Amino acid sequence: MMNTDQINCNMGNRDVTSKKRKVYDRKIKIALVWFDSKCATLGLGRALPAKTGRSAPLQSYDMSDTESYPSGSDDELNTSDFNLEYTDEEGPPAGTSGETTVTLLVDGVLIRVVKGNIAEETVDVIVNSTSTDLDLKKGTASRILLKASGDSLQTDCRQKYPNGITVGDVAITEAGNLPCDHVYHGSLVKWGTDNAAKVHTDFVTKCLEMASDDDLTSIAMPGLTTGFLAFPKDIAAKNACEEVRKFIESHQDTSLRDIRIVIYEKDRATLKAFSSEVKAWKDRIDKFVPVRDICSSTVGGMTVRVVVDKMEDQKVDVIVNSANKELKLDKGTLSNTLNRVAGPALQQSCSTLYPQGITPKGVAFTDAGNLSCKKVYHVCMCDFDRSNEDESSRVIIDLVCKCLEEMDSHGLTSISFPALGTRFRKYPSKLSAKAMFEAFEEFWSSRNTSSVTDVRIVIYGNDQHTVGKAFEKQTTGAISAVPCPQLSKHARGTKSFCLHVYEQSLRAPRYWSHFKSSKTVKKWKVSPPNGELHRLVPVSQEEKKAVESLIENTWETNKIGHGRDAVGLGGFTSLKVTNIQRLENIDLFEKYGNARATLFHKAGSIGVFDHLEAISGSKGAIKTANMTDQTLQRDTFPEVNEYYFFHGTKPDILESILKQGMDVRMSGDKAMFGQGMYFAESSTKADQYADPRGQRSQNEKTMLLARVCLGKICLVSQSAHTLKRPPCFVAGCNKDTCSHSDLERCDSVVGDGMWLFREMERVPFDIVDGLL
């Protein structure tokens, strides 16, 4: 079976002595039974064309005031006194009306003080303080909202509340032309009146609870009582912030993620009071966050520890930073902190190595400056997508795996991750914890050993309680809840390991980008995107380089033009990859995965299959086994002799292969080892089949790079044209037509004799029932 990457190739000019065959790099993953192939279009000097809820700065008018705002104040605000943190890793948030003076993240809820115009805040709810008769022409603040919203705001108030409201009640209306969905109106009382403070605090709590009950995510409220109602500004700020704190503490599962206090920019005294109160709140939290270990677990050969600590103090090989796509390290809390400690060398390394920045979901690898680590890996997260949690989870899994794979390739041992996405990207702590542990398990389950032994998840900042609790729960249930860690209980290369893999549910390869591994194959087949079961998708740069390298390393110049299948190719010297795409065919991959599972069961029953180099008479290991980059070794299993091989094919049958896979019934019956599917470990050999021997041309050509399961190998040194299927290996039999069971029969034939090239063949018996 195969999962294919297609490589398009173009051969160079044929009128000069040094002629080149150029390869198109089309990566195509086709999940056919027994071999997962990368379909590569090659060319005899010809090219195949490539186919291939809201936020903003905070400003406000105090809507409780029924008189004009003062033009200034004797109490000046110095914003340098406050922590002017941006609200996400990419800089100032979109959708706010002005400058954020201070931010605080508590248990996943972002609290911001903004100087600006509340009528311009893009949020779910804007809060308005008005009179009991809901006459919005009374009071400066209400008039500002009415002017921005249009008459419909007043009309809605009259229709829904013809008798007005009582003090402390909340009236909910539509928003007219305001950039929000709802307006919450309330009437409060002046300072000095009985219960004035309680009316104020109760109203704040009601607004927060109603927004949360309606599953809303963002709310903007003004100072409420600091204008005409004449509350002392420090008391108004303290009371409001205390109600927000109590609400978050008692509503751990609230939908609210963005609470803004929006103060008119010229009301400096009120702005300073609220900014100081939030800053003091933040300082109190930071002061009482002791460094401590929360929990630890073992995944494969890695110890995973969850700790409360400062990321900049980590003494590890690698520190992971959550950065913006421009890699501007002065933006974002973690980036800014690491940049400050590392000195100018960290930003300089980013700018030199990645002058264009990185793409979302990408990783940048840089030096560490003065930090106590060797490298910094900068990951670019995407915002959490509530409508597609599987996709958001996959972003974390892929980023973590990329970091661990990079470490492993350089022999590094220890790494510290933040709790990815849980701060300003607004990922739920539970989802982040689950995704990160799934990534650890995926990474370890795909290899026998790794240099990575020490993994830390560093919880920092004032949201450590909730985030730490989510990771502690995930750590406690990791071994029993998720299948992947169990792989570490079964040593690779053993019968028990093979039987364990056989029992697992089939998912698409984790490196697929269209049919993602977050769903089972069966679920994808029941509801395929747009009703399509296959798609050509582009590949990453690292995958492209890996395919190019494999083609180059297996190209044998001394054999070009030799042999009956190489007629007409004597004048060419090399291949150049020009395009690669991956074919993701979920239907064919189901057949491939099921057939591979059968091989795991067989290996678990009779013993893990010998590799080619261990079989008597073999000339050595399969070339591609030792030459394949780690990028291409993901999700492959040597226990069932699963490796990459090349397969040359004609352009006129490419479309059929992409949709239907390789059908052995369409192959010739006079081949060297009988009718079947043939693969080569040499790109030179596969290239011979890219066009007819008597019609070599500069037209487009196709080659497949296939992930093939050889299973139990039958090694032959002479041709066997009459083979109908691989023979059995029972002593004294060795026939292809006997009645011995599949457990007693080989799964593939490898020709390793006096020929120029070795060939791998799978015959009809292994590909029945549509298994290609």
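**Notes on the predicted model**

1. Asp215 counts as partly exposed because its relative accessibility is 47% (buried is under 20% relative accessible area, exposed is over 50%, and partly exposed lies in between, with a 1.4 Å probe and protein chains only). Asp215 is no glycine, yet its phi is positive, near 65°. You'll find Asp215 in the loop that runs between helix H3 (196-213) and strand E10 (218-221) (helices are DSSP runs of H or I with at least four residues, strands are E runs with at least two, numbered from the N terminus).

2. Some ground rules: this is a predicted model, where local features need pLDDT of at least 70 and side-chain atom pairs count only at pLDDT 80 or more, while totals for chains, interfaces and linings use all residues. Residues are numbered from 1 along each chain as its sequence is written, and side-chain values use heavy atoms, with hydrogens and water left out.

3. Lys361 is another residue to check for backbone geometry: phi is positive at about 75°, although Lys361 is not a glycine. Its place is the loop between helix H7 (344-353) and strand E15 (363-367). With 37% relative accessibility, Lys361 counts as partly exposed.

4. Now the overall numbers. The protein chain has 18 helices and 26 strands, and 59% of its 772 residues count as buried. About 30,900 Å² of the chain is exposed, with carbon and sulfur atoms supplying 48% of that area (Shrake-Rupley method, 1.4 Å probe; for residues, only the protein chains shown count as cover).

5. What do the two faces of strand E21 look like? Glu642, Tyr644, Phe646 and Gly648 point one way, Tyr643, Phe645, His647 and Thr649 point the other way, and all are buried. That fits the count for the strand, residues 642-649: 8 of 8 are buried. E21 runs antiparallel to strand E23 (residues 701-709), with 8 bridges joining the two (strands pair if DSSP finds at least two bridges between them). His647 of E21 sits opposite Leu704 in E23.

6. On to the interior. The largest nonpolar core holds 44 residues, and those with the most contacts inside it are Leu404, Ile415, Phe417, Phe440, Ile457 and Phe471 (a core is a set of buried Ala, Val, Leu, Ile, Met, Phe, Trp, Tyr and Cys residues joined through side-chain atoms within 4.5 Å). Leaving out residues up to four places away in sequence, Phe417 touches a set of residues including Met311, Val320, Cys403, Leu404, Phe440, Arg456 and Ile457 (contact means heavy atoms within 4.5 Å). A second, separate core has 41 residues, among them Val127, Val199, Val204 and Cys207.

7. Arg456, one of the residues that Phe417 touches, also meets Asp454 in a salt bridge at 3.1 Å, N to O (a salt bridge is a side-chain nitrogen of Lys or Arg within 4 Å of a carboxyl oxygen of Asp or Glu). Both Arg456 and Asp454 are buried. The structure holds 32 salt bridges.

8. How far apart are the closest N and O atoms of Glu438 and Lys434? They are 2.4 Å apart, in a salt bridge. Both residues lie in helix H9 (residues 429-445), 4 residues apart, or about one turn. Glu438 is buried because its relative accessible area is 19%, whereas Lys434, at 40%, is partly exposed.

9. Two more salt-bridge items. Glu584 and Arg582 meet at 3.0 Å, N to O; Glu584 is buried with a relative accessible area of 0%, and Arg582 is buried at 2%. Elsewhere, Arg112, Glu121, Asp258 and Arg260 are linked in a salt-bridge network.
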